[in-house]
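Okay, thanks for squeezing me in. Let me put the thing up on the screen and then walk you through a few spots.

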Amino acid sequence: MRGAGAMSAEAAATVLAPVLGDLKAICDFGPVTQNLGELPDVDLLVTGWGCPPITAEVLERLPGLKAIVHTAGSVKGFVTDACWERGIAVSSAASANALPVAEYTVAMILLTGKRVLERARDYRATKQIGHYDLPPTVGNYGATIGILSASMIGRRVIELLRPYDFHVLVHDPFVTEVDGAESVGITELFGRSDVVSVHTPLLPETRGLVNHELLGLLRDDAVLINTARGAVVDQEALAAEAGRIRAVLDVTDPEVLPAGHPLWHNDNVLITPHLAGSQGNEWLRLAHHAVAEVRRWVAGEPFLTPVPAERRERIA
C-alpha cells in the first residue's frame, strides 16, 4: 500500500510531522507536498490545510488513488466532484476537530453569562468590587441557550452543556428531535434565548441567515456566538445591533475584517482570530485520528469517520 501527503509545508510540520513515523510503519508512505504535480501515483493520500483542489486533471496523474484521509475538518474546496465520481473513499477528522470548537463555545457561554471580560475591564479601571449592584441577567443559573443547527459541533455543544443549569433550545430544519435540547423554530430560538450559538454550515441558503430581523428578536444584553462561518451572520446587521446585544465572533466575513469596521471598536463585541478549532497540542488529536484511519484502510476495514458522497452538498 503506497501513500503520500498533500498539504502546506506549515501543516506538514505542525500536524503530520509527529506521526510521520507511524504512517511509514503502516504503509509505504512517500513525499508530503503542496504541489500535486510532484506526487507519485499512490493508493492513499493524507491531506491537510493548504491542499489544492484534487481535480479530474490531478486524478488523471493518480490513477491508483482509492482513498483520501484528511487531517482537518471540512473537505470542502479540495475534494471535488471528480473524486466522488471516481468512487474515492474520503475520511475527515471533523469529529476530532469538533471537540475544541465545542469546548470554546461552552467556555464563552459561561464567561459571557458572568460578564467576565467586561467586569475584569471595569475592575482594572475602578479597582472596586461591586457584587450587589448587578442586574438579574448576570449569571448562568437557568439561562436559555439556543443552538442554531444540530451539526456535529452543535450536537457536541449540547452534550457538553448537560451538567449545567441551562435550558437548551435547538433549531435545525432537517432535524426534529435532538437529545438534550428542545427543538423550536428559528424565530422562537432567537426570541427565547439568552445566548445563541451559531453552528450552521455556509451554504447558498444560509449566507446571511442571521439577519437584522433575527438579531432584533434577541433580548437586550443577549449574546450571539459564531464559531461556524462568518458569512452566516450579516455583519452589518450585527454592527447595528451590537450596542444593544453582545457578540463573540471567532469567524467574520471577510476574515480579517477591515481595520475601520465598527465591530472592531465595539466594547460589546469580542473577536478572536479563528482559534476555536484545533491549535497547538490539539493538532496531535487530528494526527492520531488520521493515523487510525490509515491503519483501518490498510487493514481492509471501512473508515470510522467517512464523508459519503451524498453529504457533499451540505459540507460545512
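So, to get us going: is Asp43 buried or exposed? Keep in mind while you look that this is a predicted model.

Right, Asp43 is buried: its relative accessible area is 11%, and the cut-off for buried is under 20%. As for where that is, find the loop between strand 2, residues 28-33, and strand 3. Asp43 sits in that loop. And who's around? If we skip the neighbours within four places in sequence, Asp43 is in contact with Met1 and Arg2, and also with Gly64, Leu65, Lys66 and Ala67.

Okay, next, helix 11. That's residues 283-298, so 16 residues. I like a quick sanity check on helices: at 1.5 Å a residue this one should span 22 Å, and the end C-alpha atoms are 23 Å apart, so that agrees. Several of its residues are buried, among them Leu286, His289 and Glu293. Those buried residues pack against quite a list: helix 1 (9-16), helix 2 (20-26), strand 3 (44-47), strand 4 (67-70), strand 5 (89-92) and helix 5 (94-113). And just after helix 11 there's Gly300, with a positive phi of about 85 degrees.

Let's stay with helix 5 from that list. How do helix 5 and helix 11 run relative to each other? Their axes come within 9 Å and cross at roughly 160 degrees. The cut-off for roughly antiparallel is over 145, and helix 5 and helix 11 are therefore roughly antiparallel. The crossing is right-handed. On the helix 5 side you've got Ser95, Ala96, Asn97, Leu99 and Pro100, and they meet Arg285, Leu286 and His289 from helix 11. By type, that contact is four nonpolar, three polar and one charged.

Now helix 5 again, but with helix 7, residues 152-161. Here the axes are 8 Å apart and the angle is about 50 degrees, which makes helix 5 oblique to helix 7. This crossing is right-handed too. The helix 5 residues here include Ala98, Leu99, Ala102 and Ile109, and the helix 7 ones include Ile153, Val157 and Leu160. The split for this contact is 12 nonpolar, two polar and two charged.

One thing to take back to your own screen: Leu99 meets helix 11 residues, and Leu99 is also on the list for the helix 7 contact. Ser95 is on both lists as well. Okay, that's me done.

Note on methods. Residues numbered from 1 in each chain as written. Predicted model: local features only at pLDDT ≥ 70, side-chain atom pairs only at ≥ 80, totals over all residues. Heavy atoms only, no water. Helix = DSSP H or I, 4+ residues; strand = E, 2+ residues; numbered from the N terminus. Expected span 1.5 Å × (residues − 1). Buried < 20%, exposed > 50% of the residue type's maximum accessible area, 1.4 Å probe, protein only. Contact = heavy atoms within 4.5 Å. Axes fitted to C-alpha atoms, helices over the stretch in contact; angles between N-to-C directions. Parallel < 35°, antiparallel > 145°, perpendicular 65-115°, else oblique. Left-handed = near helix turned anticlockwise from the far one by under 90°. Nonpolar A, V, L, I, M, F, W, Y, C, P; charged D, E, K, R; others polar.
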